[in-house]
Amino acid sequence: MKLISAFSYVIAAILLLVSCSKKVDDELINKKPSSFSLVEVLNQATDVNLLPRLQWNSSTDLNGDDITYTILLDVNEDPVKEIAVGLEENSYILSDPLLYETTYYWKVLAIDDTGLSTTSNEVFSFTTKKENSIGSFNLISVANEAIDITLLPTFVWEELVTSDGGTVQYELLMDTNETPVTSIAENIEETNYIIETPLAEDTTYYWKVIAKDSSGLIIESDEVFSFTTLKDNNQPKPFTLIGVTNTAEGVDLNPQFSWNASQDDDGDELIYTLYLDQNEDPQTIFADGITELSYNVEDDKRLGLLNTYFWKVEVKDGKGGVAVSSTYSFTTRGFRNPIKVTDNAPFGERYAHTLTVFKDQLWLIGGYKDGLGTGCYDIWTSNDGENWNLKEANAPFGARGYHITLVFDNKLWVIGGADDGYNSFYNDVWFTSDGENWANYDSVLPFDVKSLSSRGVVYNNSIWICDFEDTGARRIATSTDGATWATDVITDVPNEFPEARFGITEFNNALWISGGSALNSSITKSNNIYTSIDGKSWSLVTANASFPERTYQIMFTLDNKMWLIGGSNGSTIGNVYNDIWYTEDGENWIEYEEYDMNMFYGGISHATIVFKDKIWITGGYDGGALSEIWYIE
């Protein structure tokens, strides 16, 4: 028994020794890098660049060995060509371009210090992009072997079209060598170029054009053209301006410009160009190709009110000869005296109506006939402001006053207002695209459009409706389609911000408010000016503008100026202003005094709009409804 027991101990010791030896051997065995996957270029990708970036996930080594990578890439489904070895990063950008329209296969080997390797879990394939074919193009002018060419010629060539439709830029080369090498201009995006520095007289030049597409491909024009400039061209003679006379004031908005003739000793035809803008050295071409000695400004180029302009005339002989006049300045007129068209408009007495311009016509909508709030159901239109046609005797939206009417997205909109009898307010939206067929969104506005505290304006490609009645929750509603409205509560306003009877307009990419009063007291009027970019946060521009405190004023933008006309002093109905004020910055207001203030009286709650360069004023209220039509131009 003792012998058997001793033998058992020996066997156990041997087994323990073998087990320990195996454990040590396992720890000494070198293991392969871990498996990993390819990332990009994605498998089966197409239209791949010729110098792609290849990327894969990193492999790890359990033995802590350093790992390097080898990329295999060729056109075989199991690629064998090594294109990069010994890479320490897990990405690589090819240095030699691949072939166009070719399918490639690629994989990556992860190799440790001992040479053991692991191949990526998959082989990816991709196809390179098609070759961008670039055609040819020809020179057009200056024509080959042309003579007597102006010293400031225009070069024109054909457009180069590439197969991928990419961007093409051109470089013009020109000098006196038969193979020109001097770059005159580069990165030209058009297919023409005008020389800026006069060429030498009686000299033969050679020119060509080089085109380069976005991929870097370059092609030259099919040939080199030559031309010879004119001989000893005499410049046009100096000449003087006649009118508009220098420093003139009160100039009409459609003036005639005139000048004395320039003379050309070579008998060349002379062409004049009129430059005009508000810079002391005007650079804006106002009219060109003029062969006469005068130019009349037509209505489509009408000048702005109360602007100072500078003008000069340039003459060219067509052969590079140029002469330029001196520069004159002048200041245009302001508004002329108001003109009363009629005391008895065909649409009758009314106030709290709207007037807007739609499809090149004036549109007059709704309003009240008397102090009892008897509503008007009709719609009137006019092509000239003087002759009116009844468009609709019973508008589909019924009678309403103090509503908002504006034009947006090529549609005429009628929004909210008070009902017939002035008993309640609407929050609906009506619109038409043709003036014949109307549609509506019922009760979509988040608040009623009220007579004293609500105003509307088109701003930032949206309709904006403001309601300032509740000082604790002033609101702005905006919409891009008239159906869906976003509402913001205005909390950031200065002290004495108006609740009602204020003027509002868009000017210089911002909203502006003038004057106004508290809702329940028209006596607490102001002459403050406020502005806002977003309609939510308002800042005080000035707490004491040059014009007297007022309510119910007309406010609009015309000729890069903000204008304010009339309004009420807020004490009684009959006390209204007839004055006109304007500003170019919103802060500094100037009274336009070249105007008979006593000629016009339109009460309050009249409707006003700018149409065909005239300010049209209709109706109003001065204790009773008015039926007048006025215009100021």
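**Exercise 1.** How many nonpolar, polar and charged residues are in the lining of the second largest cavity?

*Solution.* Note before starting that this is a predicted model.
- Step 1: Count the cavities. A search of the whole structure finds two of 30 Å³ or more.
- Step 2: Take the second largest. Its volume is about 30 Å³.
- Step 3: List the lining. R455, V457, W464, C466, I476, I504 and L511 line this cavity.
- Step 4: Find the elements behind the list. β38 and β39 (462-467) give two or more residues to this lining.
- Step 5: Sort by class. Six residues are nonpolar, none is polar and one is charged. Arg counts as charged, and R455 is in the lining.

**Exercise 2.** Describe the largest pocket, from its volume to its lining.

*Solution.*
- Step 1: Start with the space. The largest pocket holds about 1,300 Å³.
- Step 2: Look at the wall. The lining has 37 residues, and the closest to the pocket centre are L355, G456, I504, M555 and T608.
- Step 3: Name the strands. At least two lining residues each come from β29 (354-358), β34 (404-408), β38 (454-459), β42 (503-507), β46 (554-558) and β50 (607-611).
- Step 4: Pick the main supplier. β38 gives the largest share, five residues.
- Step 5: Sort by class. The lining splits into 19 nonpolar, 15 polar and three charged residues.

**Exercise 3.** Is S262 buried or exposed? Then map its surroundings.

*Solution.*
- Step 1: Place the residue. S262 sits in the loop between β21 (256-259) and β22 (271-277).
- Step 2: Apply the cut-off. Buried means under 20% relative accessible area. S262 has 6% relative accessibility, so S262 is buried.
- Step 3: List the contacts. Leaving out neighbours within four places in sequence, S262 touches P236, K237, F239, L270, Y272 and V315.
- Step 4: Look for a polar contact. A polar atom of the S262 side chain lies 2.6 Å from the backbone oxygen of K237.
- Step 5: Compare with a distant residue. W56 is 206 residues from S262 along the chain, and their C-alpha atoms are 76 Å apart.

**Exercise 4.** How many disulfides does a search of the whole structure find? Then check the burial of C376 and C466.

*Solution.*
- Step 1: Recall the bond. A disulfide is a covalent bond between the sulfur atoms of two cysteines.
- Step 2: Read the result. The search of the whole structure finds zero disulfides.
- Step 3: Check C376. Its relative accessible area is 1%, so C376 is buried.
- Step 4: Check C466. At 2% relative accessibility, C466 is buried too. C466 also helps line the second largest cavity.

Technical notes
Residues are numbered from 1 along each chain as its sequence is written. This is a predicted model: local features need pLDDT of at least 70, side-chain atom pairs count only at pLDDT 80 or more; totals for chains, interfaces and linings use all residues. Side-chain values use heavy atoms; hydrogens and water are left out. On a 1 Å grid over the protein atoms alone, a cavity is a set of points where a 1.4 Å probe fits but cannot get out, and a pocket is an open set with protein on both sides within 12 Å along at least five of seven lines; lining residues have an atom within 4 Å of a point. Grid points are joined across faces, edges and corners, and a volume is the space filled by probe spheres set on the points. Helices (H or I, at least four residues) and strands (E, at least two) are DSSP runs, numbered from the N terminus. Buried means under 20% relative accessible area, exposed over 50%, partly exposed in between (1.4 Å probe, protein chains only). Contact means heavy atoms within 4.5 Å. A polar contact is a pair of N or O atoms within 3.5 Å; within protein, one must be able to donate a hydrogen and the other to accept it, and residues adjacent in sequence count only if both atoms are side-chain atoms. A disulfide is a pair of cysteine sulfur atoms within 2.5 Å.
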